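Got your viewer open? Keep the selection box handy and we'll walk through this one stop at a time.

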Amino acid sequence: MDCPSCGDELVEIGLTVDGHRLTMVSCSECDTRSWHRDGDAVELDGVLTDLSATKTRYRRSLAN
Ligand SMILES: [Zn+2]
């Protein structure tokens with residue numbers, strides 16, 4: 001998958017939050033990011049709202 005902004009290769013980072021598979025797709029070149037949950041694209045605001053309810057587990061996932 002290539003970045004829609006600059007064409008560089010995107011990096012996918014997978015998390016599992018409350019049983020949902022959450023994937024952050026990030027471009028290391030221009031820092032464009034998008035999120036996907038259970039295979040569906042989600043708005044970042046929606047992700048952050050969800051994560052605020054599961055903040056502790058989310059941070060633990062990031063630490064791994
Ligand atoms: Zn990019």
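Before the first click, a word on burial: a residue is buried if 20 or more other C-beta atoms lie within 10 Å of its own, exposed if 12 or fewer, and partly exposed in between, with the C-beta atoms placed from the backbone. What you have loaded is a predicted model, where local features need pLDDT of at least 70, side-chain atom pairs count only at pLDDT 80 or more, and totals for chains, interfaces and linings use all residues. Numbering starts from 1 along each chain as its sequence is written.

**The whole chain**

Show everything as cartoon. The protein chain has 2 helices and 4 strands; these are DSSP runs numbered from the N terminus, helices being H or I with at least four residues and strands being E with at least two. Read from the N terminus, the order of elements is β-β-β-β-α-α. Colour by burial and you'll find that 6% of the 64 residues count as buried. Contacts are next: two residues are in contact if their C-beta atoms, placed from the backbone, lie within 7 Å. Of the contacts with a separation of 6 or more, 27% come from residues 24 or more positions apart.

**The sheet**

Now pick out the strands. They make an open sheet of 4 strands in the order E1-E2-E3-E4, with antiparallel pairing; strands count as paired if DSSP finds at least two bridges between them. Strand E1 (10-17) and E4 are the edges, each with a single partner strand, so one side of each has no neighbour in the sheet. Going from one strand to the next, the twist averages 30°, with axes taken as lines fitted to C-alpha atoms (for helices over the stretch in contact) and angles running from 0 to 180 degrees between N-to-C directions.

**E1 and E2**

Select E1 and E2, an antiparallel pair with 8 bridges. Ile13 sits opposite Met24 in E2. Then go to the turn: this hairpin has 2 residues between its strands, and Asp18 there has a positive phi of about 50°.

**E2 and E3**

Move on to strand E2 (residues 20-27) and E3, which pair antiparallel over 5 bridges. Light up two cross-strand pairs: Leu22 faces Arg37 in E3, and Thr23 is opposite His36 in E3. As a general reminder while you look at side chains, in a regular strand they alternate between the two faces of the sheet. The connection here has 5 residues between the strands, with Asp31 at a positive phi near 70°.

Stay in that loop between E2 and E3 and select Glu29. Which residues does Glu29 touch, not counting those up to four places away in sequence? The list is Cys3, Cys6 and Asp8. Draw a distance from Glu29 to Cys6: their C-alpha atoms are 7.6 Å apart, although 23 residues lie along the chain from one to the other. Glu29 counts as partly exposed because 13 other C-beta atoms lie within 10 Å.

**E3 and E4**

Last hairpin. E3 and E4 run antiparallel and are joined by 3 bridges; one of the partners to show is Ala41 in E4, across from His36. There are 2 residues between these strands, and Asp38 in the turn takes a positive phi of about 50°.

Finish at Gly39, in the loop between strand E3 (33-37) and strand E4 (40-42). Is Gly39 buried or exposed? Gly39 is exposed, because 7 other C-beta atoms lie within 10 Å. For a parting distance, connect Gly39 to Leu22: their C-alpha atoms are 8.2 Å apart, with the two residues 17 apart along the chain.
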